[in-house]
Amino acid sequence: MTRPRKQTVDYYPHQCTHGKTIFILEQSYGNDGYAFWFKLLEMLGSTEGHALTFHTPADWTYLQART
């Protein structure tokens, strides 16, 4: 029997060049937009299946607090 397949990541590469998403976030929100993007990626990477769910108001509040 094989071990269960891992659904999270411990590391992901940080690109040195960025596309439109980061450009727009930085232009609209400055460094806060940039930080939001990478904190969101960190949350997705450490969540099973790489998907966030918002079933309760507390889930949404947690996302706001983390980012």
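Is Trp60 buried, partly exposed or exposed, and what is its relative accessible area? In this predicted model, Trp60 is partly exposed, because its relative accessible area of 45% falls between the limits of 20% for buried and 50% for exposed residues. The paragraphs below consider helix H2, its two helical neighbours, the loop that follows, and the aromatic pairs, to which Trp60 is returned at the end.

Helix H2 comprises residues 31–45, 15 residues in total. From its first C-alpha to its last, H2 reaches 21 Å, close to the 21 Å expected at 1.5 Å a residue. The buried residues of this helix are Gly33, Phe38, Leu40, Met43 and Gly45. Their cover includes two other helices, H1 (20–29) and H3 (57–66).

Individual positions along H2 illustrate the range of accessibility. Gly33 is located in H2 and counts as buried, because its relative accessibility of 2% is under the 20% limit. The C-alpha atoms of Gly33 and Leu63 lie 14 Å apart in space, with these positions 30 residues apart in sequence numbering. Leu41 is likewise a residue of H2, but Leu41 is partly exposed, with a relative accessible area of 27%. Between Leu41 and Lys6, which are 35 residues apart along the chain, the C-alpha separation is 17 Å.

Two packed helices are described by the angle between their axes and the distance between the axes. For H1 and H2, the axes come within 6 Å and cross at roughly 140 degrees. This angle makes H1 oblique to H2, because an angle must be over 145 degrees to count as roughly antiparallel. On the H1 side, the contact is made by Thr21, Ile22, Leu25, Glu26 and Tyr29. The residues contributed by H2 are Asn31, Asp32, Gly33, Tyr34, Trp37 and Phe38. By class, six residues of the contact between H1 and H2 are nonpolar, three are polar and two are charged. Gly33 and Phe38 thus appear both among the buried residues of H2 and in the contact with H1.

The packing of H2 with H3 was described in the same terms. The axes of H2 and H3 are 10 Å apart, and the angle between the helices is about 130 degrees. H2 and H3 are therefore oblique to each other. In this contact, Lys39, Leu40 and Met43 of H2 meet Tyr62, Leu63 and Arg66 of H3. The residues involved divide into four nonpolar and two charged, with no polar residue. Leu40 and Met43, which take part in this contact, are also listed among the buried residues of H2. Elsewhere in H3, Gln64 is partly exposed, with a relative accessible area of 47%. Gln64 and Thr53 are 11 residues apart in sequence, and their C-alpha atoms are 13 Å apart in space.

The loop between H2 and H3 contains His50. Most residues other than glycine have a negative phi. The phi of His50, in contrast, is near 55 degrees, a positive value in a residue other than glycine. His50 counts as partly exposed, at 38% relative accessibility.

Two aromatic pairs are present in the structure. Tyr34 and Phe38 form a tilted pair, with 5.0 Å from centre to centre and 55 degrees between the planes. Both residues belong to H2, where they are four residues apart, about one turn of the helix. Tyr34 is partly exposed, with a relative accessible area of 25%, whereas Phe38, at 11% relative accessibility, counts as buried. In the pair formed by Phe54 and Trp60, the ring centres are 5.5 Å apart and the planes stand at 75 degrees, so this pair is edge-to-face. Phe54 counts as partly exposed, at 40% relative accessibility, and Trp60, at 45%, is also partly exposed.

Methods
Residues are numbered from 1 along each chain as its sequence is written. This is a predicted model: local features need pLDDT of at least 70, side-chain atom pairs count only at pLDDT 80 or more; totals for chains, interfaces and linings use all residues. Side-chain values use heavy atoms; hydrogens and water are left out. The expected span of a helix is 1.5 Å times one less than its number of residues. Buried means under 20% relative accessible area, exposed over 50%, partly exposed in between (1.4 Å probe, protein chains only). Contact means heavy atoms within 4.5 Å. Axes are lines fitted to C-alpha atoms, for helices over the stretch in contact, and angles run from 0 to 180 degrees between N-to-C directions. Angles under 35 degrees count as roughly parallel, over 145 as roughly antiparallel, 65 to 115 as roughly perpendicular and the rest as oblique. Ala, Val, Leu, Ile, Met, Phe, Trp, Tyr, Cys and Pro count as nonpolar, Asp, Glu, Lys and Arg as charged, and the others, Gly among them, as polar. Rings of Phe, Tyr and Trp (its six-membered ring) pair if their centres lie within 6.5 Å; planes under 30 degrees apart count as stacked, over 60 as edge-to-face and the rest as tilted.
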